Amino acid sequence: MTVRKGREFLAIPGPTTVPDEVLNAAHRPAVDIYEGDLVDVTQSCLADLRKVFRTEGRSYIYAANGHGAWEAALTNVLSRGDKVLVLASGLFGPAWGEMAKMLDIEVEHLGGDWRRAIDPDAVEARLRADREGEIKAVLVVQVDTASSIVNDISAIGQAIRNAGSGALFMVDAIASLATMPFEMDAWGIDVAVTGSQKGLMMPPGLSFVAAGERARSAHQTANLRTQYWDWTFRDGPVHYHKYCGTPPEHQLFAMRKALDLLLTEGLENAIERHRILAGAVHAAVRRWAEAGALEFNVAAPDDRARSVTTVLVNGGRDPESIRAYCREKCGVVIGVTIGDLDGRGFRIAHMGHVNAPMILGTLGVVETSLNALAIPHGRGGVQAAIDVLAESVSP
Ligand SMILES: *Cc1c(COP(=O)(O)O)cnc(C)c1O
């Protein structure tokens with residue numbers, strides 16, 4: 001017997017649920033690429049991206065996934081032989097670093113703990129020791145989607161300034177933008193990257209980069225530039241050049257609608273919604289963890305992301321049985337653990353187009369699986385989540 005009929009619910013950390021309005025917005029005939037509607041959509045999307053990144057800098061739209069945005073960021077501001085400091089707190093910082101290595105950029109890692117956020121003091125100390133100014137950029141991920149660690153981007157920006165370093169501050173906000181505060185200009189971020197398919201509620205396939213003043217000045221001398229990613233080329237007046245070719249039209253119509261949804265809700269309200277829903281998820285996991293078989297991957301509550309939660313399954317139990325039960329029996333797809341945590345647990349996403357029933361439903365199904373599979377857990381995880389919601393959401 002199963003109880004999975006009906007709409008399957010996807011609770012993996014990207015792609016996330018795409019609202020029906022966004023899907024419908026893409027469902028229209030192709031249009032002219034040189035004039036008309038599409039040109040206005042481009043202009044308004046570029047302007048709204050700046051609002052979401054919280055920057056007065058420039059924004060760029062790429063027909064590429066997040067990895068494309070990483071490459072765009074690196075090639076536009078760096079040169080062969082430059083050295084970068086990669087702050088590692090999971091899978092994605094080092095993966096960005098691997099991409100830099102293939103571009104002939106020298107990579108040094110700092111951190112590397114999958115259970116603890118980057119220590120800004122350690123960043124400051126390392127940059128102070130860089131008296132020759134060899135480190136040209138600091139690369140960090142705000143939320144590492146594999147570990148579910150959130151790094152304190154504001155404090156790391158302050159550490160870079162305290163050290164008197166001239167390094168560019170480059171931040172991956174792919175799994176965090178629109179789910180928690182992100183202040184590109186106020187935090188001294190020079191280059192920010194994000195993707196369409198996480199907090200921004202769009203289909204996968206687009207990614208976005210924002211560049212501040214210092215990044216644009218580094219761009220003038222960067223020798224890794226290639227035409228497809230190049231900011232100068234895209235800055236020109238020709239609409240076709242904004243995408244270095246045919247615009248991804250249907251994706252752009254979907255993007256326009258997703259930004260409308262986000263800005264109508266209000267960025268601050270979306271962030272507060274994520275804070276509350278994350279609190280509910282964390283309350284449930286805290287309760288389940290009381291019996292010892294389950295555990296938060298991230299030790300300190302302050303280091304836990306508001307968009308995804310990585311749960312470890314201890315005692316030689318197979319996390320796949322939990323995922324399979326949720327998916328096959330109940331119609332909820334939760335995420336696998338990846339990288340160093342491969343096979344060690346599961347991930348619950350709470351990012352983007354999510355509301356109370358989606359979160360309570362997901363938690364309820366996970367708790368059902370723990371009961372059905374006789375995995376020891378503290379009882380009442382869903383009740384704990386309900387308590388958080390009832391306290392946080394006033395009548
Ligand atoms: C998903 C993700 C990426 C990679 O994005 P793709 O679209 O899969 O290329 C990079 N960084 C973080 C933090 C992510 O969550």
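## Reading the ligand site and the rings

Tutor: Before the ligand, take a look at some rings: pairs link Phe-53, Phe-182 and Trp-187 into a cluster. Keep in mind that this is a predicted model.

Student: How many aromatic pairs turn up in the whole structure?

Tutor: Eight aromatic pairs, when the whole structure is searched. One of them joins Tyr-228 and Trp-229, with 4.9 Å from centre to centre and 75° between the planes.

Student: Stacked or edge-to-face, then, for Tyr-228 and Trp-229?

Tutor: The angle between planes decides: over 60 degrees counts as edge-to-face. Tyr-228 and Trp-229 are at 75°, so that pair is edge-to-face.

Student: And which of those two is buried, and which partly exposed?

Tutor: Buried means under 20% relative accessible area. Trp-229 has 11%, so Trp-229 is buried, whereas Tyr-228, at 29%, is partly exposed.

Student: Now the ligand. Which residues are closest to it?

Tutor: The shell holds 13 residues, and the closest are His-67, Thr-145, Asp-172, Gln-197 and Lys-198. Sorted by class, the shell has six nonpolar, five polar and two charged residues.

Student: Which helix gives the largest share of that shell?

Tutor: Helix H3, residues 66-77, with three residues.

Student: What should I look at for polar contacts with the ligand?

Tutor: Look for N or O atoms paired within 3.5 Å. Here, a polar side-chain atom of Lys-198 is 2.6 Å from a ligand oxygen, and one from Asn-65 lies 3.3 Å from an oxygen of the ligand. On the nitrogen side, a ligand nitrogen sits 2.7 Å from an N or O atom in the Asp-172 side chain. As for cover, the protein takes up 90% of the 380 Å² of accessible area that the ligand has on its own.

Student: Lys-198 again! Which ring does its charged end sit over?

Tutor: For a charge over a ring, check the distance to the ring centre, within 6 Å, and the angle to the ring normal. The charged end of Lys-198 sits over Phe-92, 5.9 Å from the ring centre. Arg-304 does likewise over the face of Phe-296, with 3.5 Å to the ring centre.

Student: One last residue: where is Asp-190, and is it buried or exposed?

Tutor: Asp-190 is in the loop between strand S8 (168-172) and strand S9 (191-195). Its relative accessible area is 6%, so Asp-190 is buried. The Asp-190 side chain also reaches the backbone nitrogen of Phe-169, at 2.8 Å.

Key: Residues are numbered from 1 along each chain as its sequence is written. This is a predicted model: local features need pLDDT of at least 70, side-chain atom pairs count only at pLDDT 80 or more; totals for chains, interfaces and linings use all residues. Side-chain values use heavy atoms; hydrogens and water are left out. A residue is near a molecule or strand if one of its heavy atoms lies within 4 Å of it. A polar contact is a pair of N or O atoms within 3.5 Å; within protein, one must be able to donate a hydrogen and the other to accept it, and residues adjacent in sequence count only if both atoms are side-chain atoms. Accessible areas come from the Shrake-Rupley method with a 1.4 Å probe; for residues, only the protein chains shown count as cover. Helices (H or I, at least four residues) and strands (E, at least two) are DSSP runs, numbered from the N terminus. Ala, Val, Leu, Ile, Met, Phe, Trp, Tyr, Cys and Pro count as nonpolar, Asp, Glu, Lys and Arg as charged, and the others, Gly among them, as polar. Rings of Phe, Tyr and Trp (its six-membered ring) pair if their centres lie within 6.5 Å; planes under 30 degrees apart count as stacked, over 60 as edge-to-face and the rest as tilted. Buried means under 20% relative accessible area, exposed over 50%, partly exposed in between (1.4 Å probe, protein chains only). A charge sits over a ring if NZ of Lys or CZ of Arg is within 6 Å of the ring centre and within 35 degrees of the ring normal.
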